[in-house]
Amino acid sequence: MPELPEVERGRRLVERVAVGRTIVKVRCARDSIVFEDAGPARMRKALLGRRVLAARRRGKHIWFELDKRPWPTFHFGMTGAFHTPGTKQLKLASSSLRTDDTWPPRFVKIHLWFDDGGELVMTNKRRLGRLRLRDDPPNEPPISELGFDPLLDLPSPKRFAELLSRRSALIKALLLDQSFAAGVGNWIADEVLYQARIDPRKRAHELSRPEIDRLRRRLKSVIEKAVAVDARKDRFPKTWLFHYRWGKNSEAVTARGEKIEHITLAGRTTAWVPEVQR
DNA sequence: CTCAGTGTTCAGTG
DNA sequence: TCACTGAACACTGA
């Protein structure tokens, strides 16, 4: 689930069900991978009895502010999500509008109960997500290592141009680099480059000023739009490459009938439209 | 059975 | 130092 817009949806869910409440019960899965350094037992101890003061996000990371430190941080990996009872997880794919209302869901890593009767669960199917404890999350790795967050602190056009001029990496690779732009993942990088009409194989310092300005604007607008519709993919504009990029069939075309190509860049599948991005 | 995948990290190489 | 590649991580679903 997780690029910036989906993670922001998760943060808002936490805000709705957890902020202002006290955690009265905690259950952690036995999973030394997802619970990395902290371990389920330490995590449970840090959370039980605490009051949640705020839910923060930077890039793809979320953390809680509690009335006592350390605080928990959450990263979803490729398959993580927050759930609450009654929050229908809309399976937006194709025609299967299945809502799974089984509670609790499968692949639960942590389950929290609150003093008002509410519940919050984090699932992580493929165990690439991480749950950590930090005394000061924004000022400690990994969150302190992140670059700008396009929703929170997008650089000015001038500053953005400076950042690009100093980098020789492929622009696609740079967009995926979390220490450059936090929260951008594979489909957002492709979407932004398509809309900005930039060849993903170009090097960052080779971009012209008009290209740089288009890139910055699209980075902002794509993410703002995705967040505005609460990461509901079926509500993304029909003109977005997003809807047509999946499944690398050679006949894939955009809404405007442009031919979509698939190549591998920076180790990731890259969908792009050569006739538009040059 | 095989393989790709909305992510990150690390070793090896140039 | 920078940057790229590929592998690893772990596991589902097509």
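Of the 16 residues around DNA strand B, those that come nearest are Lys-60, Met-78, Gly-185, Asn-186 and Thr-269; a residue is near a strand if its C-beta atom, placed from the backbone, lies within 6 Å of it. This is a predicted model, in which local features need pLDDT of at least 70 and side-chain atom pairs count only at pLDDT 80 or more, while totals for chains, interfaces and linings use all residues. Residues are numbered from 1 along each chain as its sequence is written, and chains are lettered from A and ligands numbered from 1 in the order in which they are written.

**Surfaces near the DNA**

- The surface near DNA strand B divides by class into 6 nonpolar, 5 polar and 5 charged residues. Here Ala, Val, Leu, Ile, Met, Phe, Trp, Tyr, Cys and Pro count as nonpolar, Asp, Glu, Lys and Arg as charged, and the others, Gly among them, as polar.
- DNA strand C is surrounded by Ile-33, Lys-125, Arg-126, Arg-127, Leu-128, Arg-167, Ser-168, Ala-169, Leu-170, Ala-173, Ala-266 and Gly-267.
- By class, the surface near DNA strand C holds 6 nonpolar, 2 polar and 4 charged residues.

**Overall fold of chain A**

- Chain A contains 6 helices and 10 strands; helices (H or I, at least four residues) and strands (E, at least two) are DSSP runs, numbered from the N terminus.
- The radius of gyration of chain A is 20 Å, which agrees with the value near 19 Å for a compact globule of 278 residues. This radius is taken over C-alpha atoms, and the globule rule is 2.2 Å times the number of residues to the power 0.38.
- The C-alpha trace of chain A spans about 55 × 45 × 30 Å along its principal axes.
- Buried residues amount to 37% of the 278 residues in chain A. A residue is buried if 20 or more other C-beta atoms lie within 10 Å of its own, exposed if 12 or fewer, and partly exposed in between, with C-beta atoms placed from the backbone.
- Among contacts in chain A with a separation of 6 or more, 66% join residues 24 or more positions apart; two residues are in contact if their C-beta atoms, placed from the backbone, lie within 7 Å.

**Domains and their interface**

- Chain A is assigned domain 1 (4-145) and domain 2 (157-272), with bounds that come from an automatic or database domain assignment.
- The C-alpha centres of domain 1 and domain 2 are 28 Å apart.
- In the interface, 11 residues of domain 1 are in contact with 13 residues of domain 2. Helix 1 supplies 6 residues, the largest share of the side of domain 1 that touches domain 2. That side of domain 1 comprises 4 nonpolar, 1 polar and 6 charged residues.
- Glu-6 is located in helix 1 (residues 4-17) and counts as buried because it has 23 C-beta neighbours inside 10 Å.

**Nonpolar core and helix 5**

- The largest nonpolar core has 63 residues, of which Met-43, Leu-175, Val-192 and Leu-193 touch the most other members. Both domain 1 (4-145) and domain 2 (157-272) give residues to this core, so it lies between them. A nonpolar core is a set of buried Ala, Val, Leu, Ile, Met, Phe, Trp, Tyr and Cys residues joined through C-beta atoms within 7 Å.
- Not counting residues up to four places away in sequence, Leu-175 touches Ala-181, Val-184, Ala-189 and Val-192.
- In helix 5 (residues 186-195), 9 of the 10 residues are buried, including Trp-187, Val-192 and Leu-193. The buried residues of helix 5 pack against helix 4 (171-176), helix 6 and strand 10.

**Backbone geometry**

- Most residues other than glycine have a negative phi, and most peptide bonds are trans.
- The peptide bond from Arg-69 to Pro-70 is cis, with omega near 5 degrees, and Pro-70 lies in the loop between strand 3 (61-66) and strand 4 (71-75).
- Pro-141 and Pro-142 are also joined by a cis peptide bond, with omega about 0 degrees.
- Ala-231, in the loop between helix 6 (209-228) and strand 9 (261-265), has a positive phi of about 60 degrees. Ala-231 counts as buried because it has 21 C-beta neighbours inside 10 Å.
- Ala-266 has a positive phi near 50 degrees and lies in the loop between strand 9 and strand 10 (268-272). Ala-266 counts as partly exposed, with 16 C-beta neighbours inside 10 Å.
- Arg-197, just after helix 5, takes a positive phi of about 60 degrees.
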